[in-house]
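Welcome, and please open your viewer. We will walk through the model one selection at a time, with a short note on what you will find at each stop.

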Amino acid sequence: MSNASPSSQSHQPANRDNDRDPSRLRSSRWFGPDDMRSFGHRSRLKAMGFDDVDYQDRPVVAILNTWSELNTCHSHFRERSDSVRRGILQSGGFPVEVPVMSLGEMMMKPTTMLYRNLLAMEVEEVLRCHPIDAAVLMGGCDKTVPAMLMGAISADIPSVFFPAGPMLKGLWKTETLGSGSDVWKYWDERMAGNLCDADWKCIENCIARSAGTCMTMGTASTMACVAEAMGMTLPGAACIPAVMADHQRLAVQTGRTAVEMAWANRKPSDVLNQQSVENGVKASLAIGGSTNAIVHLIAIAGRLGVSLTLDDFDSFSRTTPVLADIRPGGQFLMEDFYEAGGLPALLSQMTDLLHTDCKTITGGTLADQIQDQEVINDQVIRSRDNPVSDIGGTCVLKGNLAPSGCVIKSIAADPKLLHHRGPALVFDNYPEMKAKLHDEDLQVDENSVLVLRSAGPLGAPGFPEWGMLPLPKKLLQKGVRDMVRISDARMSGTSYGTCVLHIAPESAVGGPLAWIETGDMIEINVQQRTIHWDISDEERQRRQAAKPVNPPVPSRGYGQLYAKHVTQADQGCDFDFLVGRSPGLEPGIH
Ligand code: FES
C-alpha cells in the first residue's frame with residue numbers, strides 16, 4: 001500500500017450483541033414488524049431475488065452514486081460502487097445502490113452551481129424517505145462534495161464521504177500538465193500566436209489521461225480535503241488518485257466503515273461542529289485551496305447551525321500558512337501531493353492550529369488520523385519554517401464596491417497587482433464581454449481593470465465560473481499575462497490571476513457593481529483588504545435613479561425556486577429555507 005493509504009480495518013460480521021441489536025436499526029421499522037406494510041416491503045425485496053438472510057438483522061447501507069456518462073470525473077464510479085458493496089458485505093451489511101443527480105462540471109450549462117442545492121435536497125430526502133441505516137456518499141466533481149455533505153447533514157443519518165480522487169498527471173512532451181490551469185495558460189499562448197494547432201490538439205489529447213477529478217488543487221480536491229479535515233472521510237482518502245489500486249481498497253474500507261457507523265449510529269451531528277468546520281477552513285487555506293471553498297464551507301456551516309462568516313475566513317487566513325505547493329498557486333499536482341504524504345502529512349505539520357480532538361467518522365479523533373504521519377517530500381508539503389506563504393492564499397476584501405465582501409486568491413495572482421489602481425472597462429454581461437473583448441479597437445491597456453457584472457447567484461443565473469475573465473488578444477500578443485479582473489462571478493479552482501470574485505451584493509440585486517461605468521477608477525489593496533470605487537454619493541444616486549435594478553425570476557420550475565430562495569455569495573448561496581439545523585424529521589411509517 002502506498003504512502004498515504006488508510007490503514008486496513010478488520011471486518012465484523014453482523015451479530016446480536018448489545019451494541020448490535022437489530023431492532024435499533026432504522027431499517028427495522030420497514031422490515032421488522034409483523035404487519036401488512038412490512039410484509040409488502042419484504043416481499044418486494046424477494047421480488048428482486050433477495051432472501052431473508054440477505055437483509056434481516058443487517059444494516060441497510062445505501063451507496064449514493066453520482067455516476068453518469070456525462071460526468072467525466074466519475075467514470076470509474078460503477079466499478080468503485082462494486083468495491084464499496086464488497087466492503088459492506090464483508091462487514092455484514094446489506095448494500096443498496098441508489099443513483100442521485102450527477103453534477104459533472106465539464107458538461108453542465110450554465111453551471112453546476114445552479115444545481116448544488118438541488119442535489120443537496122435530493123440527498124437529504126433520499127436518505128430520509130428510505131430504509132437506510134448508513135450511507136456512502138460517492139462524489140468528487142466540484143459541487144457534488146458540498147451538496148452531498150449538506151444533504152447528509154440535514155438528514156443526519158450516518159454517512160461517510162467517498163471522494164472520486166484526482167486524475168493522473170497530464171503529460172505533453174516533457175511537460176506535466178494540470179487540467180484547467182494549463183488549459184487557460186496554453187489558450188492564452190494560442191491567442192498570442194505562440195502555439196500551433198497541432199500542439200493545441202496534442203494538449204487536448206493528453207491533458208486529461210484518466211478517470212478522476214481535476215488534478216490541480218481545484219475545487220474538487222479542495223473540497224475532498226475539507227471533507228477529510230472535517231472528519232467525514234477515511235484518513236488519507238482525499239488525495240488518492242482515482243485509478244490507483246489504493247483507491248479501490250479505499251472503496252472497500254469505506255463500505256466496511258459505513259456498516260460500523262450504522263451499528264454505532266454515528267451521525268454527522270456526532271462528527272461535525274464549529275471546531276470541525278474551522279478545521280475544514282484551515283485545511284483549505286493550508287493547501288492553497290479554491291476560492292469556491294469559502295462559499296461551500298459557509299453553506300455547510302449554515303446547515304450545521306454554526307456561524308462562519310467571510311470575516312472569520314479572513315481572520316483564519318491571516319494566521320494559516322500555505323504548506324502545499326500545488327497548482328494553480330504552486331508547482332506540483334495532486335499525484336505529487338499523495339506521494340508526498342497527502343493531507344494527513346500536511347495536517348500533521350499544523351496540529352497547533354487545529355482542533356485535533358474533533359471526532360471523525362471512524363469514531364476516533366483527528367489526532368488519531370494524523371499522528372505519526374510523515375512528510376515524504378518537503379518540496380511538495382513544506383515545513384512550517386519554509387512555507388509557500390506565511391499566510392493563507394485567499395483574502396477577503398471589503399469597500400464601497402463590495403459592502404458585504406469579495407474574495408481574491410492572492411497566492412495565484414501577480415504580486416505586482418495586489419495593490420493596483422486603474423480605470424474600469426465594464427461589460428454588462430458575459431455575452432457582451434465575449435463579443436467585445438478581442439476587438440482590435442477596444443480601449444484597454446494592462447492597467448485597465450476588467451469588470452464583469454450580471455454573473456452572480458441571480459444575475460447569470462447560478463453563479464458561474466466566469467471570474468477569470470480572458471485577457472484581450474491584443475494585450476496577450478504584447479506579452480501581458482495578468483490583469484486585475486473584478487466580477488460578481490466565481491472562478492474555477494483551477495484558475496489563476498488577479499481576479500476579485502464573489503462581489504456581494506451582486507449587481508442583479510442592486511449591489512454597487514450595477515452602476516459602475518467604464519472609466520471609473522478602482523483601487524484594490526490586498527494587504528489592507530480594501531476595494532474602492534472612486535465615485536461621489538451624488539453621482540452614484542443619479543446613476544441608481546436612472547437605472548433601477550430588478551433581479552430576473554424565471555416563470556416556472558426549479559429556476560423559480562432557485563431565484564426566490566438562493567442567498568448571496570457571502571451567505572453561502574444555500575436556499576434560505578434550508579439554512580439551520582434540520583429537526584431530522586422521520587417519515588411516518590404507514
Ligand atoms: Fe470535475 Fe474538475 S471537472 S473536478
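A word before we set off: this is a predicted model.

**Stop one: the largest pocket**

Start by selecting α7, which gives 4 residues to the lining of the largest pocket, the largest share. The pocket holds about 1300 Å³ of space. To find its middle, show Met106, Val183, Trp184, Glu465 and Ser492 as sticks; of the 44 lining residues, these are the closest to the centre. Now colour α7 (181-191), α8 (197-206) and α9 (219-229), the elements that each give two or more residues to this lining. What is the chemical make-up of the lining of the largest pocket? Colour by residue class and you will find 23 nonpolar, 14 polar and 7 charged residues.

**Stop two: the second largest pocket**

Next, move to the second largest pocket, with about 350 Å³ of space. Select Phe31, Leu45, Val96, His130 and Pro131, the closest to its centre among the 17 residues that line it. Three elements are worth highlighting here: α1 (28-31), α2 (36-47) and β2 (94-99) each give two or more residues to the lining of the second largest pocket. β2 supplies 4 residues, the largest share of that lining. Keep your class colours on, and the lining of the second largest pocket shows 13 nonpolar, 2 polar and 2 charged residues.

**Stop three: strand β3**

Now select residues 134-139, strand β3. Is this strand enclosed or open, and why? 6 of its 6 residues are buried, so β3 is largely enclosed by the rest of the structure. Turn the strand to check each face: Ala134, Val136 and Met138 are buried on one side, and Ala135, Leu137 and Gly139 are buried on the other.

**Stop four: the neighbours of β3**

With β3 still selected, add strand β1, residues 60-65, which pairs with β3 in the parallel sense over 5 bridges. As a landmark, label asparagine 65, which stands opposite methionine 138 in β3.

Then add strand β4, residues 159-163, which runs parallel to β3 and is joined to it by 5 bridges. Here the pair to label is alanine 135 and, opposite it, serine 159 in β4.

**Last stop: the crossover**

Finally, bring in helix α6, residues 144-155, and view it together with β3 and β4. Which way does this β-α-β unit turn, right-handed or left-handed? The unit made by β3, α6 and β4 is right-handed.

Note on methods. Residues numbered from 1 in each chain as written. Predicted model: local features only at pLDDT ≥ 70, side-chain atom pairs only at ≥ 80, totals over all residues. Heavy atoms only, no water. 1 Å grid on protein atoms, 1.4 Å probe; cavity = no way out; pocket = protein on both sides within 12 Å on 5 of 7 lines; lining within 4 Å. Points joined across faces, edges and corners; volume = space filled by probe spheres on them. Nonpolar A, V, L, I, M, F, W, Y, C, P; charged D, E, K, R; others polar. Buried < 20%, exposed > 50% of the residue type's maximum accessible area, 1.4 Å probe, protein only. Pairing = 2+ DSSP bridges. Right-handed = clockwise from strand over helix to strand, strands pointing away.
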